Amino acid sequence: MKNRLKVLRAERDWSQQDLADRLGVSRQSVNAIETGKYDPSLPLAFTIAETFAMAIEEIFERG
Amino acid sequence: MTQGNERKPAGRSPFFYAGLMLAAYGVVAALAITDSVSQTALFVLMLLPFGLVFMIINAANRRADAGLETCIAKGDAQRRYVRRVAIFSALYLVALAVLTYLSKNYELSEVLRFSLALLPGLAVLGIFWAIGRLIVEEQDEFMRMLIVRQSLIATGLALGAASVWGFLESAEVAPHLDAYWWAIVWFFGLGIGAIANRIQYGAWGAV
């Protein structure tokens, strides 16, 4: 699954650790999701969407 | 999960201590093969490098506290896991030492021998329990997936090795191995699982 996490993070000037802290997950998790190595569960995807104040489909798309 | 502002020095890598432990066990194995030392001395020598487990845990924790990449991510579940493993490892060492000392120096009744022989196994069971609790308590779904993956790889390796060895032993082409060695192979498998995690997901996991 493709995602725009890296771009969205850069727009807000957040590091991976900053985003990880906001999501309550490890930095490794953010890195794995961002690089497309791991697809988050639906609850985590909702949390990510809420953190960026966007809809899930604006962040993730079928790759 | 929040990173504290104060960061402690990271110190030596846990892999440094793991390498030291491996080297130490290599020396012990060489001594055992060449019959250079007595059985009692060999037993003591086998116990000593195990103390490096605590150095490895401490080094991993220091790196986690310093915000560096580590196989043990920061989190309450991991901290509880490290504490539980440290406690059960210590219990294992004590149980093993007591069992060996009493067995060698006293004529024990069967009931007492049974009870004493049960203790190291129960301590190892405690380590398995700690890993199970880590899977249950870990709140980070990615880290949890890595731990489960490590455990599955370890299980496949240990059961596979036990099956193959068992048939070789039945065919009398391999020497007898006490069953507790399969638990050791399982723990070794966790290391293989961590490497597999690193290759596929870029992170080691948490066990």
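Trainee: How many residue pairs are in polar contact across the interface of domain 1 of chain B and domain 2 of chain B?

Mentor: The rule finds 0 such pairs with both residues at pLDDT 80 or more. A polar contact is a pair of N or O atoms within 3.5 Å; within protein, one must be able to donate a hydrogen and the other to accept it, and residues adjacent in sequence count only if both atoms are side-chain atoms. This is a predicted model, in which local features need pLDDT of at least 70 and side-chain atom pairs count only at pLDDT 80 or more, while totals for chains, interfaces and linings use all residues. Side-chain values use heavy atoms, without hydrogens and water.

Trainee: What makes domain 1 and domain 2 of chain B count as in contact?

Mentor: Contact means heavy atoms within 4.5 Å. By that rule, 14 residues of domain 1 of chain B touch 15 residues of domain 2 of chain B. Domain 1 covers 12-136 and domain 2 covers 140-207, with bounds from an automatic or database domain assignment.

Trainee: What area is buried between domain 1 of chain B and domain 2 of chain B?

Mentor: About 1,200 Å², with carbon and sulfur atoms giving 74%. Buried area is the accessible area (1.4 Å probe) that two parts lose on being put together, summed over both.

Trainee: Why does the radius of gyration of chain A agree with a compact globule?

Mentor: The globule rule is 2.2 Å times the number of residues to the power 0.38, and the radius is taken over C-alpha atoms. For 63 residues a compact globule would have a value near 11 Å, and chain A has 10 Å, so the two agree. The C-alpha trace of chain A spans about 25 × 20 × 20 Å along its principal axes.

Methods:
Residues numbered from 1 in each chain as written. Chains lettered and ligands numbered in written order.
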